[in-house]
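Take a moment to look over the chain in front of you, and then let us walk through it together, one contact at a time.

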Amino acid sequence: MLVLVGSGRALGVLWRLSTDTSLVVGRKDSPLLIEGDKSVSRVHATIITLAEDLSGVDIQDEGSKFGIYINGKQCPSRSLSRLLVGDKIMFGAQDSV
């Protein structure tokens with residue numbers, strides 16, 4: 001199991017990912033909900049676990065207006081980016097996970 005830890009407005013929130021699953025990130029009706037920030041799209045991104053041992057975890061920007069940043073670097077829209085242990089993810093203008 002992989003655990004994502006929230007920061008900023010999501011401080012103290014934990015999300016658990018199982019193997020071979022995906023988790024939609026957004027500001028409305030999403031399993032990983034980031035409320036109160038209009039820079040986060042309704043369907044902003046998808047986090048995808050690829051392997052049984054969670055060695056492969058990717059994130060995809062779903063065409064959001066303000067993007068996704070991993071460790072301060074913007075990810076290309078609509079393409080997969082690999083996540084590593086300790087990476088800091090920012091959705092839109094919010095310091096999130």
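Start with Arg78 and Glu62, whose side chains meet in a salt bridge, with 3.9 Å from N to O. Keep in mind as you look that this is a predicted model. Arg78 sits in the loop between β8 (73-74) and β9, while Glu62 sits in the loop between β6 and β7 (68-70), so this pair ties together parts that are 16 residues apart in sequence. How exposed is each partner? Arg78 has a relative accessible area of 56% and is exposed, whereas Glu62, at 23%, is partly exposed.

How many salt bridges does a search of the whole structure find? The answer is two. The other partners to look for are Asp58 and Arg82, which form a salt bridge whose closest N and O atoms are 2.6 Å apart. Here Asp58 belongs to strand β6 (residues 57-61) and Arg82 to strand β9 (residues 80-83), so the salt bridge ties together parts that are 24 residues apart in sequence. Is Asp58 buried or exposed? With a relative accessibility of 7%, Asp58 counts as buried, because the cut-off for buried is under 20%. Its partner Arg82 is partly exposed, with a relative accessible area of 45%.

Now step back to the strands themselves. The chain has zero helices and 11 strands, so if you follow the elements from the N terminus on, you meet one β after another.

Strand β3 is a good place to see how strands pair. Strand β3 (residues 22-26) pairs with strand β5 (residues 45-49) in the antiparallel sense, over four bridges. To find this pairing in the model, look for Ser22, which stands opposite Ile48 in β5. Strand β3 also pairs with strand β4 (residues 32-33), this time in the parallel sense and over two bridges. There, Gly26 stands opposite Leu33 in β4. While you are looking at strands, here is a handy general idea: in a regular strand, the side chains alternate between the two faces of the sheet.

Finally, consider the chain as a whole. Of its 97 residues, 42% count as buried. Among contacts in the chain with a separation of 6 or more, 37% come from residues 24 or more positions apart. As for the outside, the chain exposes about 5,500 Å², and carbon and sulfur atoms supply 52% of that area.

Notes:
Residues numbered from 1 in each chain as written. Predicted model: local features only at pLDDT ≥ 70, side-chain atom pairs only at ≥ 80, totals over all residues. Heavy atoms only, no water. Salt bridge = Lys/Arg side-chain N within 4 Å of Asp/Glu carboxyl O. Buried < 20%, exposed > 50% of the residue type's maximum accessible area, 1.4 Å probe, protein only. Pairing = 2+ DSSP bridges. Contact = heavy atoms within 4.5 Å. Areas by Shrake-Rupley, 256 points an atom, 1.4 Å probe, with all protein chains shown as cover.
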